Amino acid sequence: MAGEPARWLFVSLVSSLIWALAWKQANGQSGTDADFLLAFKETAVVEDPTGVLNTWVRSSAKPPCDWRGVECDTQERAGGIAVVRALDLSNQDIKGTLWKQMGNLKFLRFLNLQGNRLSGPLIYELSQLYVLQVLDLSNNELTGEVPEDFGYLKYLTTLKLAGNKLEGGFPG
């Protein structure tokens with residue numbers, strides 16, 4: 001009988017952990033910021049002529065905060081892991097597309113991908129960057145319309161989209 005409270009506590013903790021992991025995966029948030037950035041390098045980038053992404057390697061010895069173009073906030077941690085606050089890969093001549101996992105960078109405030117050769121549409125997932133303040137995608141080869149959900153970016157103070165082949169206006 002003396003072990004019953006300990007057993008109950010253990011079962012409760014394990015159940016809570018399983019529930020939290022299941023919720024996280026069901027909501028498309030499984031993985032770390034490093035995983036989401038590496039998805040860009042591995043699936044969306046066709047060419048990296050300046051080699052800016054060469055430092056982007058999965059390693060516990062070199063977290064994404066040490067990768068070129070990535071800035072983290074070590075004060076605000078998600079589950080004890082420093083979160084990516086800024087991504088600046090401007091003027092690197094990167095050829096590729098925007099990637100869906102970028103919407104999982106939930107603490108991203110600054111995104112500068114201007115002056116590259118990114119093509120394709122502006123993707124809905126950008127509108128999931130709820131705390132984004134600066135978005136510069138100017139001087140790329142992006143096409144289509146600005147997604148209506150961009151209107152949900154309530155903290156966005158700077159938006160630069162010039163030099164693309166976009167149509168329509170910014171949603172209200």
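These exercises work through a predicted model, each with a solution in steps.

## Exercise 1: The open sheet

Give the strand order of the open sheet, and find which strands stand at its edges.

**Solution.**
1. Start with the order. Five strands form the sheet, as S1-S4-S6-S8-S10.
2. Check the pairing. The sheet is mixed.
3. Look for strands with a single partner. These are S1 and S10 (165-167), so one side of each is left without a neighbour in the sheet.
4. Add the twist. From one strand to the next, the average is 20°.

## Exercise 2: Bridges from strand to strand

Trace the bridges from S1 through S4 and S6 to S8, and state the sense of each pairing.

**Solution.**
1. Begin at S1. Two bridges join S1 to S4, and these strands run antiparallel.
2. Locate a residue pair. Val45 stands opposite Gly96 in S4.
3. Move to S4 (residues 95-97) and S6 (residues 117-121). They run parallel and share three bridges.
4. Take Thr97. Its bridge partner in S6 is Ser119.
5. Go on from S6 to S8 (residues 141-145). This pairing is parallel too, over three bridges.
6. Return to Ser119. In S8, its bridge partner is Glu141.
7. Put the steps together. Ser119 is the partner of Thr97 and also has Glu141 as a partner.

## Exercise 3: A helix across two strands

Compare the span of helix H2 with the expected span, then place H2 against the sheet.

**Solution.**
1. Count the residues. H2 covers residues 33-44, twelve in number.
2. Take the span. From first C-alpha to last, H2 reaches 16 Å.
3. Compare. At 1.5 Å a residue, 16 Å is expected, and the helix is close to that.
4. Place the helix. H2 lies across S1 and S4, at about 50° to S1.
5. List the buried residues. They are Asp33, Ala34, Phe36, Leu37, Leu38, Ala39, Phe40 and Ala44.

## Exercise 4: Aromatic rings

Classify the ring pair of Trp56 and Trp67, and name the cluster that ring pairs form.

**Solution.**
1. Recall the two quantities. A ring pair is described by the distance of the centres and the angle of the planes.
2. Count the pairs. The structure holds three aromatic pairs.
3. Apply the numbers. The ring centres of Trp56 and Trp67 are 5.5 Å apart and the planes meet at 25°, so the pair is stacked.
4. Locate the partners. Trp56 and Trp67 both sit in the loop between S1 and S2, eleven residues apart.
5. Check burial. Both Trp56 and Trp67 are buried.
6. Extend the network. Ring pairs link Phe40, Trp56, Trp67 and Trp99 into a cluster.
7. Tie this to the helix. Phe40 is also one of the buried residues of H2.

## Exercise 5: The disulfide

Describe the link of Cys65 and Cys72: S to S distance, handedness and the accessibility of each partner.

**Solution.**
1. Count. There is one disulfide in the structure.
2. Give the distance. Cys65 and Cys72 are joined, S to S 2.3 Å.
3. Read the torsion. It is -100° about the S-S bond, and the link is left-handed.
4. Compare each cysteine with the cut-off for buried, under 20%. Cys72 has a relative accessible area of 18%, so Cys72 is buried. Cys65 has 26%, so Cys65 is partly exposed.

## Exercise 6: Positive phi

Find where Asp93 and Asn139 lie, and say what sets their phi values apart.

**Solution.**
1. State the background. Most residues other than glycine have a negative phi.
2. Take Asp93. Its phi is positive, about 60°, although Asp93 is not a glycine.
3. Place Asp93. It lies in the loop between S3 (81-88) and S4. At 34% relative accessibility, Asp93 is partly exposed.
4. Take Asn139. Its phi is also positive, near 55°.
5. Place Asn139. It is in the loop between S7 (134-136) and S8. Its relative accessibility is 44%, so Asn139 counts as partly exposed.

## Exercise 7: Tyr155 and its contacts

Locate Tyr155 and list its contacts beyond four places in sequence.

**Solution.**
1. Place Tyr155. It lies in the loop between S8 and S9 (158-160).
2. Judge exposure. At 43% relative accessibility, Tyr155 is partly exposed.
3. List the contacts. Leaving aside neighbours within four places, they are Tyr130, Val131, Leu132 and Gln133.
4. Add a C-alpha distance. Tyr155 and Leu129 are 9.7 Å apart in space and 26 residues apart in sequence.

How values were computed. Residues numbered from 1 in each chain as written. Predicted model: local features only at pLDDT ≥ 70, side-chain atom pairs only at ≥ 80, totals over all residues. Heavy atoms only, no water. Pairing = 2+ DSSP bridges. Phe/Tyr/Trp six-rings, centres within 6.5 Å; stacked < 30°, edge-to-face > 60°. Buried < 20%, exposed > 50% of the residue type's maximum accessible area, 1.4 Å probe, protein only. Expected span 1.5 Å × (residues − 1). Disulfide = S-S within 2.5 Å. Axes fitted to C-alpha atoms, helices over the stretch in contact; angles between N-to-C directions. Contact = heavy atoms within 4.5 Å.
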